[in-house]
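Biologist: I am new to this structure. Please take me through one part slowly, the packing of two helices, and then place that part among its surroundings.

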Amino acid sequence: MVHKNNLRNYTILHTEASNGWGGQEIRIITEAEGLIKRGHRVIITASAESQIIKEAKASGIETELLSMKRASILFSIWRLLNIINKYNIDIVNTHSSWDSWLGSIAGRLSGKKPFVIRTRHLSTPIGNNFMSRIVYDYLPDMIITTGEAIRNNMINKNHFNPDKILSIPTGIDLDKFNNEGEGTNLRNALNVTERVPLIGMVSVLRSWKGHLYLLEAIPEVIKAFPDARFIITGDGPYKDVIEEKIRAMDIQRYIIMTGYRDDIPAILSAIDLLVFPSYANEGVPQAVLQAFAMGKTVIASDVGSVSEVVLDYETGILVSPCNSKALAENIIGLLKDKDKKEKMAAAGRRLVETQYSLEKMLDKTELLYNELMAQKGSSFNA
């Protein structure tokens with residue numbers, strides 16, 4: 001079925017150089033699934049060892065393998081040209097640094113002349129140099145950012161063309177994150193009763209996600225709520241560091257590390273509030289919006305585009321980055337003030353419903369596609 005925003009069906013190629021699995025890769029899969037349901041054809045290309053290829057296949061999304069080794073740059077560009085021709089690609093959407101070079105160059109060389117879109121997921125500073133200007137300002141037709149703060153930095157600090165940069169935050173599937181998760185069942189499985197305060201963190205285990213600051217806040221919280229427990233969901237390269245910190249602080253009995261889980265709605269349903277202490281690189285975080293959708297209050301660091309959704313003392317609480325004391329004080333404050341916590345949670349849910357749903361994201365994406373194709377003078381089918 002063709003969606004109301006769509007004037008024809010498009011064939012979109014997503015490229016991804018990352019082998020990991022986090023918010024960036026999850027957004028690609030979620031967006032692809034949504035666009036396929038709306039009648040588009042989506043292909044994902046990445047290296048054979050990447051997690052996104054495995055997840056795409058599991059979701060029934062078409063895939064093509066592509067070497068991301070720098071030594072094979074010419075072969076990879078040639079391979080992308082063949083993929084563009086094979087599927088008659090309308091839009092090439094790149095995501096990480098290396099695949100953006102490969103995808104953009106292949107798009108420009110192809111006789112099919114697909115539009116090239118670069119999605120910028122992170123708020124990491126971009127170098128003010130000639131190579132950055134080529135890959136951001138000259139090669140792509142458009143840049144999508146996952147938050148307005150990222151867009152503003154690219155315009156004000158890098159002086160990239162503002163007309164080519166559009167913010168489309170990640171949307172949340174409200175059918176999946178519907179405030180009706182199996183939280184009670186999960187608590188029972190974890191042997192955590194309903195009366196026990198349960199504070200959660202859902203994130204890839206990376207240094208800049210700020211897990212260590214949450215750990216440093218725990219002793220202070222335990223003084224006020226001795227039965228409180230903390231659940232850390234996710235996996236990643238920082239796992240050993242986090243576990244060593246837990247042992248060094250001797251706080252193992254207060255923490256449940258679940259590893260990677262695909263039942264995030266159940267995790268969020270089980271917790272009393274979400275802590276998001278990241279101190280770098282964030283767009284609009286999916287974990288925060290997912291928690292909002294599940295009716296949970298969020299305490300988050302004021303970094304990247306987080307403040308676009310965590311409106312201080314309205315939808316959640318903002319703290320300065322790398323501040324374990326502020327995390328502890330606000331966790332204690334919200335656990336003591338149930339009315340304030342629930343009021344913020346309701347406001348967060350309304351924010352997602354009105355501005356950050358998956359349907360809103362797909363609508364904006366389709367509208368961009370339509371505008372680009374209109375520039376190309378293509379014929380459209382109703």
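Modeller: Start with a definition. Angles under 35 degrees count as roughly parallel, over 145 as roughly antiparallel, 65 to 115 as roughly perpendicular and the rest as oblique. Keep in mind that this is a predicted model.

Now the pair itself. Helix α8 covers residues 211-224, and helix α12 covers residues 324-336. Their axes come within 8 Å. They cross at roughly 40°. The two helices, α8 and α12, are therefore oblique to each other. The crossing of α8 and α12 also has a hand: right-handed. Two packed helices are described by the angle between their axes and the distance between the axes.

Next, the sheets. One is an open sheet of 6 strands with parallel pairing. Its order is β10-β9-β8-β11-β12-β13. At the edges stand β10 (255-259) and β13 (316-319), and each pairs on one side only. Neighbouring strands in this sheet are turned by 20° against each other on average, direction ignored. Look at β8 (residues 198-202) beside β11 (residues 273-276): 2 bridges pair them in the parallel sense. There, Gly200 stands opposite Leu274 of β11.

Another open sheet has 7 strands, again paired in parallel. Read across, the order is β3-β2-β1-β4-β5-β6-β7. Strands β3 (62-65) and β7 (165-167) stand at its edges with a single partner strand each, so one side of each has no neighbour in the sheet. From one strand to the next, the twist averages 25°. Strand β1 (residues 11-15) runs parallel to β4 (residues 91-94), and 4 bridges join them. One residue pair to find is His14 and its bridge partner in β4, Asn93.

Last, empty space. Rolling a probe the size of a water molecule over the atoms shows where empty space is left. Searching the whole structure turns up 1 cavity of 30 Å³ or more. The largest cavity holds about 40 Å³ of space. Ile168, Pro169, Thr170 and Gly171 are among the residues lining the cavity. So are Gln355, Tyr356 and Ser357. Lys360, Met361 and Lys364 belong to the lining too. Helix α14 (residues 358-376) gives the largest share of that lining, 3 residues. Sorted by class, the lining has 4 nonpolar, 4 polar and 2 charged residues.

Note on methods: Residues are numbered from 1 along each chain as its sequence is written. This is a predicted model: local features need pLDDT of at least 70, side-chain atom pairs count only at pLDDT 80 or more; totals for chains, interfaces and linings use all residues. Side-chain values use heavy atoms; hydrogens and water are left out. Two strands pair if DSSP finds at least two bridges between them. Axes are lines fitted to C-alpha atoms, for helices over the stretch in contact, and angles run from 0 to 180 degrees between N-to-C directions. On a 1 Å grid over the protein atoms alone, a cavity is a set of points where a 1.4 Å probe fits but cannot get out, and a pocket is an open set with protein on both sides within 12 Å along at least five of seven lines; lining residues have an atom within 4 Å of a point. Grid points are joined across faces, edges and corners, and a volume is the space filled by probe spheres set on the points. Ala, Val, Leu, Ile, Met, Phe, Trp, Tyr, Cys and Pro count as nonpolar, Asp, Glu, Lys and Arg as charged, and the others, Gly among them, as polar. A crossing is left-handed if the near helix is turned anticlockwise from the far one by less than a right angle, and right-handed if clockwise.
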